[in-house]
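I opened my notebook to look up what surrounds the ligand and where the pockets lie. Here are my entries, in the order that made sense to me.

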Amino acid sequence: MVSNKNTPVIELRNLTKRYGLGASEHYALNGVDLKIKKGEFVAIMGPSGCGKTTLLNILGLLDRSNDGEYLLDGKNVERLSSHRHAIIRSKHIGIIFQNFNLVPRLNVIENVALPLTYKGVSHTKRLEKASEILKSFHLSEREYYMPWQLSGGQTQRVAIARALVNEPSLILADEPTGNLDSKASHIIMRELSDLHKRGNTIIMVTHNPDLTSYASRVITMLDGHIATDTAMRKPKKDSSIKRPLHTAKEEK
Ligand code: ADP
Ligand code: MG
């Protein structure tokens, strides 16, 4: 994405998402204002049902809001066609879903190569790139396995490899380690941390407070809005102290 370095990667203005009609109408997002700069690693926390997945799906252009604005790299993307959304996703956004979402009838390498189809890369090149990234995830020997033959940790690593194969600058992850043991979680967090250090923007939903230590900013949501927004000071080489830089709203 080409943009002025002061332009936020993401800017949401009074974003609203409603579900249901009449008596069953409710707000999954109830006026979200948010700016995220390039290179931030944002962790989003909050109780089940507070709107985290809804927010991530809208950020990933998989869903649309009812009201408000979404500026991606300074451009309003809300009104673009679904086809344009798919192109933007394939070029710039990597999405790691909570429930893996591998295509069951495709083997591992084909699943990982899938996001490259939109980019007009040749079939051979696609498989080469997929193979390369699978190697970096220590999954080379699983290339021709079917999704059902993998363990939970392997499945999620394949899903992450797939999200990263098109070298997205914006990575969205919905509880990427939610179904994994601590060793597998650590491998995945190291990978996300690495991507962050290389200048990519990461937005990760998590239930695990320990994982917020990887983030540069922690947002908590409640009932469809942002309740707290805290910048984290990353430990420098000569210091191991981690403390908030500022708190947007008082936390108890
Ligand atoms: P979280 O990810 O924080 O657990 P969600 O974003 O999944 O929360 O859901 C936020 C709210 O929106 C919840 O009340 C949920 O029931 C509702 N919701 C989410 N998706 C739908 C849908 N497709 N239809 C109706 N209600 C939905
Ligand atoms: Mg969710």
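**Pockets and ligand shell**

I began with the second largest pocket, where helix 4 gives the most to the lining, with four residues. Before going further, I reminded myself that this is a predicted model.

Which helices each supply at least two residues of that lining? I found helix 4 (123-136) and helix 6 (182-197). For the volume of the second largest pocket I noted about 280 Å³. I then listed its lining of 13 residues, and the closest to the pocket centre are Ile133, Leu164, Glu167, Leu195 and Arg198. Sorted by class, I have six nonpolar, two polar and five charged residues in this lining.

**The largest pocket**

Next I turned to the largest pocket, with a volume of about 360 Å³. I wrote down 16 lining residues, of which Arg89, Ile95, Phe97, Pro115 and Arg162 are the closest to the centre.

Where in the fold do these lining residues come from? At least two each are supplied by helix 2 (82-92), strand 6 (93-96) and helix 5 (152-164). My class tally for the largest pocket reads nine nonpolar, five polar and two charged residues.

**Ligand 1**

My last stop was ligand 1. Which residues surround ligand 1? I wrote down Tyr19, His26 and Ala28, then Pro47, Ser48, Gly49, Cys50, Gly51, Lys52, Thr53 and Thr54. By class, that shell holds four nonpolar, six polar and one charged residues.

I also checked which elements contribute. Strand 2 (26-36) and helix 1 (52-59) each bring at least two residues to the shell, and helix 1 gives the most, with three residues.

Then I looked up the distances to oxygen atoms of ligand 1. For Gly49, I found a backbone N or O atom 2.7 Å from a ligand oxygen. For Lys52, an N or O atom of the side chain is 2.8 Å from an oxygen atom of ligand 1. For Thr53, I noted a polar side-chain atom that lies 2.8 Å from a ligand oxygen.

How much of ligand 1 does the protein bury? Taken alone, ligand 1 exposes 560 Å², and the protein buries 59% of that.

**Side by side**

To close, I put my three class tallies together for a friendly overview.

| Site | Nonpolar | Polar | Charged |
|---|---|---|---|
| Shell around ligand 1 | four | six | one |
| Lining of the largest pocket | nine | five | two |
| Lining of the second largest pocket | six | two | five |

Key:
Residues numbered from 1 in each chain as written. Chains lettered and ligands numbered in written order. Predicted model: local features only at pLDDT ≥ 70, side-chain atom pairs only at ≥ 80, totals over all residues. Heavy atoms only, no water. Near = heavy atom within 4 Å. Polar contact = N/O pair within 3.5 Å; in protein donor to acceptor, adjacent residues only side chain to side chain. Areas by Shrake-Rupley, 256 points an atom, 1.4 Å probe, with all protein chains shown as cover. Nonpolar A, V, L, I, M, F, W, Y, C, P; charged D, E, K, R; others polar. 1 Å grid on protein atoms, 1.4 Å probe; cavity = no way out; pocket = protein on both sides within 12 Å on 5 of 7 lines; lining within 4 Å. Points joined across faces, edges and corners; volume = space filled by probe spheres on them.
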